[in-house]
Amino acid sequence: MAELPGPFLCGALLGFLCLSGLAVEVKVPTEPLSTPLGKTAELTCTYSTSVGDSFALEWSFVQPGKPISESHPILYFTNGQLYPTGSKSKRVSLLQNPPTAGVATLKLTDVHPSDTGTYLCQVNNPPDFYTNGLGLINLTVLVPPSNPLCSQSGRTSVGGSTALRCSSSEGAPKPVYNWVRLGSFPTPSPGSMVQDEVSGQLILTNLSLTSSGTYRCVATNQMGSASCELTLSVTEPSQGRVAGALIGVLLVMLLLSVAAFCLIRFHKERGKKPKETYGGSDLREDAIAPGISEHTSMRADSSKGFLERPSSASTVTTTKSKLPMIV
């Protein structure tokens, strides 16, 4: 008897097992699933196998951009019991419970933005031959754009350039942005207005006074739209401000010069002032009263037992008073 080649035996065995219904086959939609925020998502999963005591179903979830190996379970069905688990445990259930009729569809209520990701439907039935016991479903939670934030940067004088920016912190799919100018104004010259719908940036070049006005940014996706507004004011170059600043500097320098001159003069005048002077009303203890001669004063002092020599100033005064008598 001729020996059959190995591949032929494997193929024949696989065909026999499939015909006997001993193969696990999981089927899920090939297209990604989208569900609006707050609604209920149904993740369809069907399977074919011979359900027995060892039948087990597991649903798991992995966040966008992460490998399947980092998935974590959200629901089990084993030994005839259903076990929701994880942060979604209160919002997950099966469309048919128990899932023993070939339907393992998952229901997820009140979907959140954090529910966006990949869901894994896996059926295990140890007596059966495994072919494809795993199905992947990509879910996107649709979120309308949040109110965008409008901002402006650049030089807003005539001839200058400025950039208007617009961005929404939320929105799935990612919103596109469109800038419009409110009111009726002349059409800007070609090339003076460049808009990026993805980044939400509007660049205005070669500004003129007619560029002033209110600009509105509208963020839009399939769930809705939101907008913000910004007022742009274009001014003429301020040549007068330069002249005014120059005049102000000159005035400050003039005031400083006057203050310095007054201070120097004050110090000079203070240096010329005598240290001590006697006024006409000043009284001195050794002064002789008018009409009293020097001899009378000396006799009065002698009678008291004192003999004082008059000061030089008194002597000079007495000598002056005697000059007419000598003549």
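Trainee: Are D115 and K88 buried or exposed?
Mentor: This is a predicted model, where local features need pLDDT of at least 70, side-chain atom pairs count only at pLDDT 80 or more, and totals for chains, interfaces and linings use all residues. Residues are numbered from 1 along each chain as its sequence is written, and side-chain values use heavy atoms, without hydrogens or water. D115 has a relative accessible area of 0%, against cut-offs of under 20% for buried and over 50% for exposed, with partly exposed in between (1.4 Å probe, protein chains only). K88 falls in the same class as D115, and that class is buried.

Trainee: How far apart are the closest N and O atoms of D115 and K88?
Mentor: The two residues form a salt bridge, that is, a side-chain nitrogen of Lys or Arg within 4 Å of a carboxyl oxygen of Asp or Glu. The closest N and O atoms of D115 and K88 are apart by 2.7 Å.

Trainee: Where in the chain do D115 and K88 sit, and how many residues separate them?
Mentor: D115 lies in the loop between β9 and β10, K88 in the loop between β7 and β8. Strands are DSSP runs of E with at least two residues, helices runs of H or I with at least four, numbered from the N terminus. The pair links distant parts of the chain, with a separation of 27 residues.

Trainee: With which arginine does D115 form a salt bridge?
Mentor: The closest N and O atoms of this second pair are 2.9 Å apart. The arginine is in the loop between β7 and β8, 24 residues from D115. It counts as buried because its relative accessibility is 15%. D115's partner here is R91.

Trainee: How many salt bridges does a search of the whole structure find?
Mentor: Beyond the two pairs of D115, the side chains of R216 and E229 meet at 2.6 Å, N to O. R216 is in strand β18 and E229 in strand β19, 13 residues apart. R216 is partly exposed at 29%, and E229 is partly exposed at 44%. The search finds three.

Trainee: Which residues are joined into one network by salt bridges that share partners?
Mentor: D115 forms a salt bridge with K88, and D115 also forms one with R91. The network therefore, by way of shared salt-bridge partners, consists of K88, R91 and D115.

Trainee: Which strands stand at the edges of the open sheet that contains β18?
Mentor: The sheet has three antiparallel strands in the order β15-β18-β19, two strands being paired if DSSP finds at least two bridges between them. Nine bridges join β18 (residues 213–221) to β19, and T220 has S225 as its bridge partner in β19. Each edge strand has a single partner, so one side of it is left without a neighbour in the sheet; the edges are β15 (176–181) and β19 (224–232).

Trainee: Which residues touch the most other members of the largest nonpolar core?
Mentor: Such a core is a set of buried Ala, Val, Leu, Ile, Met, Phe, Trp, Tyr and Cys residues joined through side-chain atoms within 4.5 Å. This one has 27 residues, and strands supplying at least two each include β5 (56–62), β6 (72–78) and β10 (117–124). Another core, of 15 residues, lies apart from it. In the largest core, the residues asked for are L57, W59, I74, L106 and Y119.
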